[in-house]
Amino acid sequence: MHGEITAAVALYRRDAAAKWQHVSYEGAVLAAQESVGLNMRKAIAEHHAVQQVLKLDRRLEERIACFISGRVVRTLWDLEVAICREEGVRAYEDLEMGPLLAHPLVVAQFKPSPQLQSTPKVSVMEVVEALRSVVRQYEDAAAKGSTSLVVKGPGSGGRHGPPPQRSSWAALVLQQLCRRHRAAGPDELCV
């Protein structure tokens, strides 16, 4: 029975990753139950392979929640780098917990595009550089006597507009990052 549970959990983790799904403790228990029988829930829940999934899932959830709540500007790429460093792995996939893009907290906070197959390599430093660039554009326009900013992006026609409000600054930064990364929209940036 011990080997069957280990094999069932390992198969569940591989299958979940292949199906682009998050690996969870509940899923590991269900996979093991299907393999050895429903009446073995207590033994399954205490099995080391299932406990390993539980502990890793909780650790990842805590790290993601702390990362999200502790930063005003955050990117999924920076989160993935932090998790890999803290877990001592080369890539998130090495954790065998499914893709980071499918983690429920990531989906809720970053709202990644369903077309993404990997984490976009956009760092907070790039976001800051893009913000600096947008601010410089506005300052340059103001120094030339204009109190407007040339709005660049799809459908803008390079028109001048008033000084951006906070949400407009964010939109301008995201437009610039989309151009840099050839992304169709901000949901492909995970910022």
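What follows is a walk through the fold, the cores, the largest pocket and a handful of individual residues of this protein chain.

The model is a predicted one. Its protein chain has eight helices and two strands. Read from the N terminus, the order is α-α-α-α-α-α-α-β-β-α, so the two strands sit between the seventh helix and the last one along the sequence. The chain has 191 residues, and 43% of them count as buried. As for its outside, about 11,000 Å² is exposed, with carbon and sulfur atoms supplying 54% of that area. Contacts between residues far apart in sequence also feature: among those with a separation of 6 or more, 61% join residues 24 or more positions apart.

Next comes the interior. In soluble globular proteins, nonpolar side chains tend to be buried together. Here the largest nonpolar core holds 35 residues, and the ones touching the most other members are Val9, Leu76, Leu79, Ile83, Tyr92 and Met97. Six helices each put at least two residues into this core: α1 (2-18), α2 (25-36), α3 (41-46), α4 (48-69), α5 (76-87) and α6 (104-110). The biggest share comes from α4, which gives nine residues. Apart from this core lies another, made up of twelve residues, including Val127, Ala130, Cys178 and Ala183.

Isoleucine 5 gives a view from helix α1. With a relative accessible area of 1%, isoleucine 5 is buried, because anything under 20% falls in that class. Setting aside neighbours within four places in sequence, isoleucine 5 is in contact with Ala32, Val36, Ile44, His47 and Val50. Its C-alpha atom is 9.2 Å from that of alanine 28, a residue 23 places away along the chain.

Tyrosine 92, one of the core residues that touch the most other members, has a long list of partners. Leaving out residues up to four places away in sequence, tyrosine 92 touches Leu60, Glu80, Ile83, Cys84, Met97, Gly98, Pro99, Leu100 and His103. The last of these partners, histidine 103, belongs to the loop between α5 and α6. Histidine 103 has just 1% relative accessibility, so it counts as buried, the cut-off being 20%. Besides Tyr92, histidine 103 touches His22, Asp57, Glu61 and Ile64, again not counting residues up to four places away in sequence.

Two acidic residues are found in that loop as well. Aspartate 94 lies between α5 and α6 and is partly exposed, at a relative accessible area of 40%. Glutamate 96 is in the loop between α5 and α6 too, and with 45% relative accessibility it is also partly exposed. Both values fall between the 20% and 50% limits, which is why neither residue is classed as buried or exposed. Aspartate 94 can also be placed relative to cysteine 84: their C-alpha atoms are separated by 8.9 Å, with the two positions ten residues apart along the chain.

Backbone angles add another detail. Most residues other than glycine have a negative phi, and most peptide bonds are trans. Glutamate 96 goes the other way, with a positive phi of about 55° although it is not a glycine. Cysteine 190 also has a positive phi, near 55°, and is likewise a residue other than glycine.

Where does cysteine 190 lie? It is in the segment after α8. Cysteine 190 has a relative accessible area of 0%, so it is buried. Cysteine 84 is buried too, at 7%. A disulfide is a covalent bond between the sulfur atoms of two cysteines. A search of the whole structure turns up zero disulfides.

That leaves the largest pocket. About 430 Å³ of space lies within it. Its lining is made by 17 residues, and those nearest its centre are Val73, Val127, Ala170, Leu174 and Val191. The elements giving two or more residues to this lining are α6, α7 (124-143) and α8 (166-181). Which element gives the most to the lining of the largest pocket? That is α8, with four residues. Val127 appears twice in this picture, as a member of the twelve-residue core and as one of the residues nearest the centre of the largest pocket. Helix α6 has two roles as well: it supplies at least two residues of the largest core and two or more of the pocket lining.

Note on methods
Residues are numbered from 1 along each chain as its sequence is written. This is a predicted model: local features need pLDDT of at least 70, side-chain atom pairs count only at pLDDT 80 or more; totals for chains, interfaces and linings use all residues. Side-chain values use heavy atoms; hydrogens and water are left out. Buried means under 20% relative accessible area, exposed over 50%, partly exposed in between (1.4 Å probe, protein chains only). Contact means heavy atoms within 4.5 Å. Accessible areas come from the Shrake-Rupley method with a 1.4 Å probe; for residues, only the protein chains shown count as cover. A nonpolar core is a set of buried Ala, Val, Leu, Ile, Met, Phe, Trp, Tyr and Cys residues joined through side-chain atoms within 4.5 Å. A disulfide is a pair of cysteine sulfur atoms within 2.5 Å. On a 1 Å grid over the protein atoms alone, a cavity is a set of points where a 1.4 Å probe fits but cannot get out, and a pocket is an open set with protein on both sides within 12 Å along at least five of seven lines; lining residues have an atom within 4 Å of a point. Grid points are joined across faces, edges and corners, and a volume is the space filled by probe spheres set on the points.
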